[in-house]
Amino acid sequence: MTRPTGPFLFILATMVIDAIGIGIVFPIMPDLMDRVGATGAGQGAFWGGVLLASYAAAQFIFAPIVGAISDAFGRKPVLLASLAFLALDYVIMALVDNFWWLLVGRTLAGLAGATYITATAYVSDITPPEGRAARFGLIGAAFGLGFVLGPALGGVAAAWHITAPFWLAAGLAAANVIFGLFVLPESLPPAHRRPFALRDLNPFGTILRAFRLPGLTIPLICLGLFEFANMVYVTLWSFWGREVFGWSTLVIGLSLSAYGILAALSQIFVMPRAIIWLGERRLMLLGLMLAFVAFAGFSLSTAIWAVAILLVLSALTDLVPPTLTAMAANSVEEDQQGMVQGVIAALASLAAVMAPLVFTPVFGAFVGDDAPIYWPGAPFALAALIVAVILPIAWRQGRAR
């Protein structure tokens, strides 16, 4: 692979900023909800979940549209316009004290965050086939770095002021726009562009076609359910930590960053060795069992030492999606691999839309004044139940394979 160039460095910076945009809101969500009038743990968690769902829904809906526009009009204008939208979103979130304007801002952020398709297409344009795998790996690492930095920046900057993280993120996005204006040439010549087509606007058609393929339904169902259950961390970690332990925004941000680091280490160091030792099927089943233990443990946890142990277990459960993805990929022919990966990404976005709308009402029902019992960990128990449903299905599918 050739050394990183200015355009590729711009793409890496864009991926970092996109991931920061996802994670920067997590640690300050309780305070942000208080600022717009959604007071109390239950009410704040519900409306915070609506914000998270709006972001994911915008990504799901706009990703194919953004990709089609870049095929028709070029990569550079789409990337720069998306970053400008992202900077505008952060400014909106810093200035408003009304929930509905906040919702508009997060929807804009989801639209702008759909640029990962255009960014990877740009890398394909400028990289020879033999170097693409290595560069896509660097893109994944950049996104992981941003996801670690986002919660940490949100937690640290919020110690100065609740709006400080948004001003910081707006500055980063605006600086990257200026950087791109100078270093980013257009990668898609007019001769290789295709007209904008209406079929590019429908994200559901491809999903339905994939579920009709023999051998693919069960892996996709297991993967979709697991991604849904795993979203309980993203949706409620800050509210749960504030409710159970009284954590500050700084502590919430650092705990989320710690989880991101542990998850990255498990992918880099544990995954290659575990595949050799256990094989895909046993590793998948072990990961699902660890996920059940972690969810059940968090549902009952009231001690910091227990949270530290469970964080390690929950990071190891990030080995499940790659194994389920391999099962799905091995169920179809080579000429259908791209379609399968697109469907898996779409299912993850759908899980990110639905999970906040399910887990936050459960949380509110068990922390409110009229709760039948006080149980802030109830959403984690629901996630454990979902994994318990997945386990026998995945076990039978693995035996059948």
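These legends go with a set of close-up views of a predicted model.

**View 1. The whole chain is built from helices, with no strands.**
Before zooming in, here's the overall picture: the protein chain has 15 helices and 0 strands. Of its 401 residues, 53% are buried. Contacts with a separation of 6 or more are mostly long-range, as 82% of them link residues 24 or more positions apart. The chain exposes about 17,200 Å², and carbon and sulfur atoms supply 71% of that area.

**View 2. The largest nonpolar core, with Trp-237 among its best-connected residues.**
This core takes in 110 residues, and the ones with the most contacts inside it are Met-33, Trp-237, Leu-288 and Phe-295. Helix 10 (residues 217–245) gives the most to this core, contributing 13 residues. Take a look around Trp-237: leaving aside neighbours within four places in sequence, its contacts include Val-232, Trp-247, Ile-252, Ser-255 and Leu-256. Trp-237 is also in contact with Phe-298, Val-307, Leu-311 and Phe-380.

**View 3. Helix 12 and what covers it.**
Helix 12 covers residues 304–316, and its length checks out. At 1.5 Å a residue, its 13 residues should span 18 Å, and the end C-alpha atoms sit 19 Å apart, which agrees. Quite a few of its residues are buried, namely Ala-306, Val-307, Leu-310, Leu-311, Leu-313, Ser-314 and Ala-315. Helix 10 and helix 11 are among the elements that cover these buried residues.

**View 4. A nonpolar patch on the surface.**
Ile-261, Leu-265, Ile-268, Phe-269 and Val-270 together make a nonpolar surface patch of about 430 Å². Val-270 belongs to helix 11 (residues 249–300). Is Val-270 buried or partly exposed? Its relative accessible area is 32%, so Val-270 counts as partly exposed.

**View 5. Two buried residues of helix 3, Ser-54 and Val-66.**
Ser-54 sits in helix 3 (residues 41–73), and Val-66 is found in helix 3 too. Ser-54 is buried because its relative accessible area is 13%, below the 20% cut-off. Not counting residues up to four places away in sequence, Ser-54 touches Leu-103, Arg-106 and Thr-107. Val-66 has a relative accessible area of 7%, so it is buried as well. Val-66 and Thr-118 are 52 residues apart in sequence, yet their C-alpha atoms are 7.3 Å apart in space.

**View 6. Ile-207 in helix 9.**
Helix 9 runs over residues 204–211, and Ile-207 has its place there. With 9% relative accessibility, Ile-207 counts as buried. Which residues does Ile-207 contact, leaving aside neighbours within four places in sequence? They are Phe-60, Val-343, Ala-346 and Leu-350. Going 13 residues along the chain brings you to Leu-220, whose C-alpha atom is separated from that of Ile-207 by 9.9 Å.

**View 7. Pro-356, a buried proline in helix 14.**
Pro-356 is part of helix 14 (residues 337–367). Its relative accessible area is 0%, so Pro-356 is buried. What does Pro-356 touch, not counting residues up to four places away in sequence? The list is Gly-49, Leu-52, Ala-53, Thr-235, Ala-351 and Pro-361. Pro-356 and Leu-51 are 305 residues apart in sequence, but 8.7 Å apart in space, C-alpha to C-alpha.

Technical notes: Residues are numbered from 1 along each chain as its sequence is written. This is a predicted model: local features need pLDDT of at least 70, side-chain atom pairs count only at pLDDT 80 or more; totals for chains, interfaces and linings use all residues. Side-chain values use heavy atoms; hydrogens and water are left out. Patches are made of residues with over 30% relative accessible area and no salt bridge: like charges are joined within 9 Å, nonpolar side chains (Val, Leu, Ile, Met, Phe, Trp, Tyr) within 5 Å. Accessible areas come from the Shrake-Rupley method with a 1.4 Å probe; for residues, only the protein chains shown count as cover. A salt bridge is a side-chain nitrogen of Lys or Arg within 4 Å of a carboxyl oxygen of Asp or Glu. Helices (H or I, at least four residues) and strands (E, at least two) are DSSP runs, numbered from the N terminus. Buried means under 20% relative accessible area, exposed over 50%, partly exposed in between (1.4 Å probe, protein chains only). A nonpolar core is a set of buried Ala, Val, Leu, Ile, Met, Phe, Trp, Tyr and Cys residues joined through side-chain atoms within 4.5 Å. Contact means heavy atoms within 4.5 Å. The expected span of a helix is 1.5 Å times one less than its number of residues.
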